[in-house]
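Please open the structure in your viewer and keep the selection tool at hand. The tour below moves from one selection to the next and says what is to be found at each stop.

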Amino acid sequence: MPLNNETELKIFRKAALCRAFEEETFRQVQSKNVKIPVYLSAGQEYTSATLATFLEQYNKQIFIQHRGHSTYLSFGGNVEALVYELLGDKRGCANGMGGSASIQSKEKQIYGHDGLMGSHVPIATGMCYGNKKLTLCFTGDAAAEEDYSITSIGWASTKNLPIWYIVEDNNLSILTKKKVRRNWELDSVAKAMNVNAFGINDDPVELWNSIENHDITKPLLLNVYTNRLFWHAGAGIDDVNTFDRHKIYIEKFGKEVLNEAEHIVKEAWSKCLSR
Amino acid sequence: MSITLRDTIKDTVKHHLTKENGLAMGQCLTAVGWVGGTLPELYEEDGMVELSMADVAGGGFAVGAALAGRRPMYVIRYQGFNWFNAPMIINYAAKSKEIWGVPCPMMVRSIAMEGGIGPVAGSSHHALYYRMPGVKIVSPMTPYEYANMYLEFMDSDDVLYVSEHRGAYGNTEELPNIEYNIPDIVLFPISITRFAAVEAAKELEKEGYRVAVHHIVNIKPFQPSESDRNALLKARHGIVLDDDYVDGIAKSLAFDLSKGINADMHVMGLKDRSAGFYPQVDNLPPSKDEIIAKIKEILK
């Protein structure tokens, strides 16, 4: 089914919540209420928002990367539990131990990341092998370079597993650009391993069109070109001219959704900070 | 005819796959030898999973299968390969329960052997896991110890590193402690060194030495028994014997055993050098003769 206006609005709502959360977290880091390394995903939220909307009806397990707030929120992770987690509180989604990089949601079958770059790629693949459940595995373009990440795609292909690898390709490893690190693309590697693969922008329409005809029982790799608006870690901006898809959607759907999202987020922070 | 450790392991794996919905995962499992005869002739549809030769990823696949509740037995044909296999086991599976409240129970069947197999494949490397939290380490050398270990594994939700040794696969005997009212020295052997320790103790008994042997099966967590401590208290001399390098588990256990006891503790294990392939450059665990020589040196 092609992406219609109503569904696109749903994607925008999810993305708006993610953006509001990251902007508020940015402020909380600056005001030193959050005292740990924080990996903000502002700019990258349309990938997870689109996939979460597309796969809403499916029973799935999700593995997220260290820059995973938007993935967690897009797939329904609890906002307050994430705030508590960033504050190091036991009520956090990872019992106050996971910080920003190792968040999870048992309720939404979102599995935490252990801090070793890309280690969740083979783990997600193994879990998918173990229970044959639809599995989503989000990685960055740097973690996807890990040898064990790449060989995992090969094993998923060999075993014909229902796993989707989503590479959130912001072209940066901290600040080192992709062309400095390699001259190849992940979707080409996946195709060579007989996996259905696309290299596409994080435009929801483009993303939706690429996946709507995919056989969900088979492996897929999406290398999604996206943009990181804030620093690798912490609250700061590398380049104020970075493309921001959110502006296009605000223009299209208006600010009412933004206000709702900001209200939810501010209320959660205020509640958690006061306890 | 008595059952060997090899057959016990094979029966255990068969039960795990056919009765418990478990998996056995590893490289070259179904090739000639079936990993030293410890695997039943079962295939992927039965839960015997051939992994690719990607060593690091393979450890991750096993961890994922554990998250799915399949309690994988991850078979590592040479313990030294853990340099590649271990990262996700000790950084994800072993920590998952503590950090996320999500147990990730799996068994690492890590197999040692030595003699002419060079600097990586030879001997035990259980110390690689020892320093990390959330992992239990056990080294069963007898049929009963192995069967008991499996029952405990199935009753728990832990990550279990099983330090096996091919040299013990043919063993049919249990290995009770050798005890004396007042021993001259107490040996605390681990893994394959347990057999050499027993031989040394028996030979020295003929010469009038009272050499006690207190076997170590559960390496981590390690809880010295009252009997271990009493024997050491009386003897005042002890040796921890290991099939790994001594700068690891052996020295740690020597400390745990002798804490608060004025005992003269020693360790024997692999020498602090790399192993070559020929006998003259190999690096083997302490032999019966080397243990006897060490005891005589300590007691002279």
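Which residue in E4(B) is the bridge partner of Val75(B)? Keep in mind while looking that this is a predicted model.

Begin by selecting strand E3 of chain B, residues 73-76, where Met73(B) and Val75(B) point one way while Tyr74(B) and Ile76(B) point the other way, and where all of these residues are buried. Add strand E4 of chain B, residues 106-112, which runs parallel to E3(B) and is joined to it by 4 bridges. The partner asked for above is found here, since Arg109(B) in E4(B) is bridged to Val75(B).

Next, select strand E1 of chain B, residues 24-26, which pairs with E3(B) in the parallel sense over 3 bridges. Within this pairing, look for Ala24(B), which stands opposite Met73(B) of E3(B).

Now turn to the loops, beginning with the one between H3 and E3 of chain B, and select Arg71(B), which has its place there. Arg71(B) is not a glycine, yet its phi is positive, at about 40 degrees. Most residues other than glycine have a negative phi. Is Arg71(B) buried or exposed? Arg71(B) counts as buried because it has 21 C-beta neighbours inside 10 Å, and the cut-off for that class is 20 or more.

For a second such stop, select Asn21(B), in the loop between helix H1 (5-19) and E1 of chain B. Asn21(B) also has a positive phi, of about 55 degrees, although it is not a glycine. Asn21(B) has 11 C-beta neighbours inside 10 Å and therefore counts as exposed, the limit for that class being 12 or fewer.

Move on to Pro221(B), which lies in the loop between strand E9 (218-220) and helix H10 (226-235) of chain B. The peptide bond that leads from Lys220(B) to Pro221(B) is cis, with omega near -5 degrees, whereas most peptide bonds are trans.

Finally, show both chains and select the contact between them, which takes 27 residues from chain A and 21 residues from chain B. On the side of chain B that touches chain A, helix H3 (55-67) and helix H5 (87-100) each supply at least two residues, and H3(B) gives the most, with 9 residues. If you colour this side of chain B by class, you will find 14 nonpolar, 5 polar and 2 charged residues.

Definitions and conventions: Residues numbered from 1 in each chain as written. Chains lettered and ligands numbered in written order. Predicted model: local features only at pLDDT ≥ 70, side-chain atom pairs only at ≥ 80, totals over all residues. Contact = placed C-beta atoms within 7 Å. Nonpolar A, V, L, I, M, F, W, Y, C, P; charged D, E, K, R; others polar. Pairing = 2+ DSSP bridges.
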